Amino acid sequence: MSSDQTPEWQPEKNAALCAEISGFLFQHPCGMYARHRCHRCEKPTCVAHTVTQGEQTICESCSELPIDQALPTSSKGWLDPSYWIDIDVDIHVDNRPMWYRKKSGTRKSRSDKSHRQHTADPVMDFTDADEIGFDNSEPNKILAEQPDWENDMGAS
Amino acid sequence: MNNDVAPKSFLHYALGSGLGHLTRQFAIARSLQKQTAGKFKSTIVVNSEFAPVVTQAIAHRGSNQIQFETLPSTCSPTEAENLLARLIGVKQCACLIVDVFPRGLGGELSNCFANHPDLPKALVARNLPPAYLQQFQVESFVQKNYHRIFRIEPEAPFANLPQTQLTFPVVFQSADANANPNPAQSDQRRILIVGSGTPAECQALRKLTAELKSIAHSDNHGDPSRLYEFHFHGPTLPQSNDLFHWPLVSQLAGYDLVVGNAGYNLFWETQLAQVPAVLFAQPRKYDDQSIRSKLNWPMPAIEIFDRIRSKLSAASQSTGPTLVRNSIDDLTTSILSLLKSFD
């Protein structure tokens with residue numbers, strides 16, 4: 001990790017934000033200010049999502065790949081849709097739907113940590129509105145039962 | 001209601017339940033007061049069920065420069081629209097600042113804006129459901145009507161609009177936020193359970209406090225080498241022995257850990273104060289709290305207690321400053337520059 005964490009450090013105006021993907025129900029960029037850039041895939045990363053390997057700083061996602069591999073560095077970077085071959089939806093054993101991506105014929109489960117970077121595709125991914133239809137947890141059941149907007153002056 | 005005519009006034013539209021909208025707009029009003037040396041007044045329109053409790057709590061902290069106009073929590077969109085129209089005229093409104101809901105909770109702002117196209121308008125944007133944005137074509141409405149949009153979290157919409165700025169987080173700036181009003185003794189660990197959200201959620205957190213106290217005293221689950229002290233803070237029973245400081249941010253530094261709901265303010269206030277937090281994502285019609293916490297409510301008290309111990313243990317080993325800084329002054333500076341552009 002970085003050795004330049006000083007109490008005086010303040011992000012520059014318009015500083016880049018960490019682009020590492022995180023989140024439990026909804027995958028989203030980290031959002032913290034970036035302090036480093038991954039030597040492999042070049043995406044900006046915050047201190048928490050940066051791993052030091054020798055003299056190089058790489059992102060947490062690339063650190064889980066073999067040393068000679070990295071996320072794609074096309075002109076669109078790690079969000080390049082050409083990286084993703086297919087998307088599939090499967091039903092987990094407890095009937096909760098889980099979706100995952102096929103890469104080079106290899107299926108990865110949602111529990112696979114390297115999979116979480118695969119859900120960042122803005123073109124192929126399900127949206128938050130679709131998640132409500134799949135998720136049977138109590139909070140989202142409540143939301144799913146309230147399809148009417150702008151009818152509650154006491155909402156939040 | 002206050003019918004005084006003020007020379008110029010910011011009008012803050014902070015409708016919504018709970019304490020979040022009210023607190024954030026008060027924080028913005030206070031920052032504007034500081035930056036303009038009191039040149040403008042601020043009027044904050046609220047309909048929170050906790051508004052009467054807050055106005056009482058801030059009696060010693062507020063000034064006649066910042067005033068509240070309170071609607072009933074069950075008010076209709078028409079009542080809100082009528083009040084807003086009256087205040088825009090009576091208060092010599094210099095700028096309208098809308099919290100989170102671009103069209104109003106009942107769509108009442110669409111009519112109001114049609115009658116005041118030249119009034120400077122700023123939106124403080126938090127995350128909103130994509131389905132709602134799509135159904136009401138909110139982005140188009142925002143682009144047409146708002147002169148400045150402040151996205152106060154990365155998940156907020158409207159990122160592609162030219163008048164948008166990313167300014168996060170935006171929370172109350174307390175002058176004494178770094179002070180420790182309640183220094184712990186020896187190995188004592190002070191845990192604050194914050195009652196927020198709906199009244200029912202506040203009560204549930206108050207009940208949780210009692211359960212955690214009981215667990216901590218149990219020989220099977222307590223750590224004999226440390227004393228856990230639990231305090232409940234909430235607006236439910238201000239006349240009782242419950243703590244209720246408003247705003248809360250000045251008190252956070254005095255605690256080793258905070259337990260509460262994953263609303264915007266508590267999440268970012270604990271981040272800025274570098275106080276570990278165990279926060280629960282509560283269901284909300286418009287706010288996706290799961291972007292701030294993976295924990296759902298309810299959760300057994302014993303499990304919460306274990307999480308508290310784990311967090312305290314992890315916190316004692318971590319080093320390094322927070323990478324986040326309060327951007328509230330950036331937001332208010334931008335509002336003032338917006339006003340200058342209208343002169």
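Let's start inside chain B, at B:Cys202, a residue that counts as buried because its relative accessible area is 0%. Keep in mind as you look around that this is a predicted model.

B:Cys202 lies within the residue range of helix α7, which spans residues 199-217 of chain B. Follow that helix along and you will meet a partner, helix α9 of chain B, made of residues 301-317. The two axes come within 9 Å of each other and cross at roughly 70°. Angles of 65 to 115 degrees count as roughly perpendicular, so α7(B) is roughly perpendicular to α9(B). The crossing of this pair is right-handed. On the α7(B) side, the contact is made by B:Leu208, B:Glu211, B:Leu212, B:Ile215 and B:Ala216. Facing them from α9(B) are B:Ala301, B:Ile302, B:Ile304, B:Phe305 and B:Ile308.

For another helix pair, turn to α3 (residues 77-90) and α4 (residues 108-115) of chain B. Here too the axes come within 9 Å, but the crossing angle is roughly 30°. Since angles under 35 degrees count as roughly parallel, α3(B) is roughly parallel to α4(B). The crossing of α3(B) and α4(B) is right-handed. From α3(B), the contact draws on B:Pro77, B:Ala80, B:Glu81, B:Leu84 and B:Ile88, while α4(B) supplies B:Glu108, B:Leu109, B:Asn111 and B:Cys112.

Now step back to chain B as a whole. It has 10 helices and 12 strands, and 57% of its 343 residues count as buried. Take the contacts in chain B between residues at least 6 apart in sequence: 74% of them join residues at least 24 apart.

A loop residue is worth a visit next. B:Arg292 sits between β11 (277-281) and β12 (295-296) of chain B. Is this arginine buried or exposed? B:Arg292 counts as buried, because its relative accessibility is 9% and the cut-off for buried is under 20%. Its side chain makes a polar contact of 2.9 Å with the side chain of B:Asp287. Leaving aside residues up to four places away in sequence, B:Arg292 touches B:Asp287 and several others, including B:Arg126, B:Glu153, B:Tyr264 and B:Phe267.

Finally, back to cysteines, this time in chain A. A:Cys59 is buried, because its relative accessibility is 0%. Why does A:Cys59 not form a bond with A:Cys62? The sulfur of A:Cys62 is the closest cysteine sulfur to that of A:Cys59, but at 3.6 Å it is too far for a bond, since a disulfide needs the sulfur atoms within 2.5 Å. Over all chains, the structure holds zero disulfides.

Key: Residues are numbered from 1 along each chain as its sequence is written. Chains are lettered from A and ligands numbered from 1 in the order in which they are written. This is a predicted model: local features need pLDDT of at least 70, side-chain atom pairs count only at pLDDT 80 or more; totals for chains, interfaces and linings use all residues. Side-chain values use heavy atoms; hydrogens and water are left out. Helices (H or I, at least four residues) and strands (E, at least two) are DSSP runs, numbered from the N terminus. Buried means under 20% relative accessible area, exposed over 50%, partly exposed in between (1.4 Å probe, protein chains only). A polar contact is a pair of N or O atoms within 3.5 Å; within protein, one must be able to donate a hydrogen and the other to accept it, and residues adjacent in sequence count only if both atoms are side-chain atoms. Contact means heavy atoms within 4.5 Å. Axes are lines fitted to C-alpha atoms, for helices over the stretch in contact, and angles run from 0 to 180 degrees between N-to-C directions. Angles under 35 degrees count as roughly parallel, over 145 as roughly antiparallel, 65 to 115 as roughly perpendicular and the rest as oblique. A crossing is left-handed if the near helix is turned anticlockwise from the far one by less than a right angle, and right-handed if clockwise.
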